[in-house]
Amino acid sequence: MAEVEVLSNAAVLLDGGRIEAVGPYAELRDANAGAAVEAVHGVLFPGFVDCHTHAVFGAPRLDDHERRALGEDYKTIAARGGGILQSVRDVRARSESDLLDLTRHRIRVLLAHGSTTIEVKSGYGLDLASELKQLRVIRAAAASERAALVPTFLGAHEVPPEYRARRAEYVRLLCEDMIPAVARERLATACDVFCEPGVFEVSEARSILTAARQQGLALKLHADELEGSGGAELAAALGALSADHLAALSESGVRALAASNTVAVLLPATMVFLGKRGQAPARQLLDAGAAVALATDFNPGSSPTVGLPLVMALAVSQLGMRYAEVVSAVTVNAAAALGLAAERGQIAPGFRADLVSWGVSDWREVAYWMGGQLVTAVWTGGSACPLTPGPISLGPHVQA
Ligand code: NIG
Ligand code: FE
């Protein structure tokens, strides 16, 4: 991860939506005399892969943010009507077309920040109809937008209020009804669980992910975010694509991930936005040989963060990662966290022609100008994307 190959005066030869060759400009020019040429000034990166977002939601949760600033804890905020369940009430009440409109705008903003492949989770519905509604929104947005979207079912994001007194029934509903329905309609490629003491226990997460695997879904896990509970070990044992968050990861969790193919997805913007000092032990993971990726965790509660460059800058300063490591973490490794390492995240022959040019002169600057918006052009599947798609709003909306 600590090595990236940087070419100067280079060219990329495209064949439709794929990359055919990459190498010195003069050489490719001579060998392809008839080809149209588009000049790029600055640095061309592979399109970034944002491998963890919750982009389908209604209103932002501004009050949560301010209450936290004034010292209220998670439970008090939830008791006053905030937290994940506030977004659940909103998504349940909101129409599919309204959610789609909001999601499309957000995807365009993420794309304009350099993310050409974006994983999007459900998880603010927590009943079959509302979870399917969110997943259909992702499918419709994938059809209309230029970024590639990868849908994940997160019906196990929280126990919904109507099942609080009978949580085992909700786990059964997930395993026996919701996961089979999602798989039947091919609305998700992976299943995720928020595995955390007080949300879903390790044993419940194991049941849910086992049911998902039986239905042919890939596995992901929100693991060891706030209190360690052995989520990372579970993800590694089940062969999950990724274990995400990991701010409270134990030493045995580090060893389990390092010995597995499960990617450790770190989300430093989340801990910063939540005002927490702890961060995932990135250096330990890297030194132990684990594959580390970075993502925004874009969501209305803990990370209203739209750009991977900000996350990369935070990863250098908060996680102790090298520039080359953060680049690997938003390209090849993030693609691996979605099972797409063979076709995304590299400028190499055969890879999808998803490319982003940045107005910088040294590639490291992408992870340096913290909060800067330096994208100058984006191509997906070999063709240029408009970067000024009209009025954009991330969501100054009242709750539905
Ligand atoms: O990834 N950890 C759980 N879920 C989200 C938070 C979602 C919310 O607060 O709405 C996360 O941080
Ligand atoms: Fe998350």
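**Exercise 1.** In this predicted model, determine which residues are the protein donors of the iron ion (ligand 2) and how they are spaced in sequence.

*Solution.*
Step 1. Identify the donor atoms. The iron ion (ligand 2) is bound through NE2 of His 52, His 54 and His 222, and through OD of Asp 297. These donors lie 2.1 to 2.4 Å from the ion.
Step 2. Write the spacing. The donor residues follow the pattern H-x1-H-x167-H-x74-D.
Step 3. Place two of the donors in the fold. His 54 belongs to the loop between β4 (48–50) and α2 (62–69), whereas His 222 belongs to strand β8 (residues 218–223); the pair therefore ties together parts that are 168 residues apart in sequence.

**Exercise 2.** Find which polar side-chain atoms of His 222, His 245 and Asp 297 lie beside oxygen atoms of ligand 1, and at what distance.

*Solution.*
Step 1. Take the histidines. An N or O atom in the side chain of His 222 is 3.2 Å from an oxygen atom of ligand 1. For His 245, the corresponding distance is 2.9 Å.
Step 2. Take the aspartate. Asp 297 places a polar side-chain atom 2.9 Å from an oxygen atom of ligand 1.
Step 3. Consider the cover. Of the 320 Å² of accessible area that ligand 1 has on its own, the protein covers 95%.

**Exercise 3.** Describe where ligand 1 sits and which classes of residue form its shell.

*Solution.*
Step 1. Locate the site. Ligand 1 occupies the second largest pocket.
Step 2. Sort the shell by class. Three residues are nonpolar, eight are polar and three are charged.
Step 3. Name the nearest residues. Among the 14 residues around ligand 1, those that come nearest are Arg 61, Tyr 124, His 157, Glu 225 and Ser 302.

Technical notes: Residues are numbered from 1 along each chain as its sequence is written. Chains are lettered from A and ligands numbered from 1 in the order in which they are written. This is a predicted model: local features need pLDDT of at least 70, side-chain atom pairs count only at pLDDT 80 or more; totals for chains, interfaces and linings use all residues. Side-chain values use heavy atoms; hydrogens and water are left out. A residue is near a molecule or strand if one of its heavy atoms lies within 4 Å of it. A polar contact is a pair of N or O atoms within 3.5 Å; within protein, one must be able to donate a hydrogen and the other to accept it, and residues adjacent in sequence count only if both atoms are side-chain atoms. Accessible areas come from the Shrake-Rupley method with a 1.4 Å probe; for residues, only the protein chains shown count as cover. On a 1 Å grid over the protein atoms alone, a cavity is a set of points where a 1.4 Å probe fits but cannot get out, and a pocket is an open set with protein on both sides within 12 Å along at least five of seven lines; lining residues have an atom within 4 Å of a point. A molecule sits in a cavity or pocket if more than half of its atoms lie within 2 Å of its grid points. Ala, Val, Leu, Ile, Met, Phe, Trp, Tyr, Cys and Pro count as nonpolar, Asp, Glu, Lys and Arg as charged, and the others, Gly among them, as polar. Donors are N, O and S atoms within 2.8 Å of the metal (3.2 Å for Na, K and Ca); water is not among the atoms, so sites may look incomplete. Helices (H or I, at least four residues) and strands (E, at least two) are DSSP runs, numbered from the N terminus.
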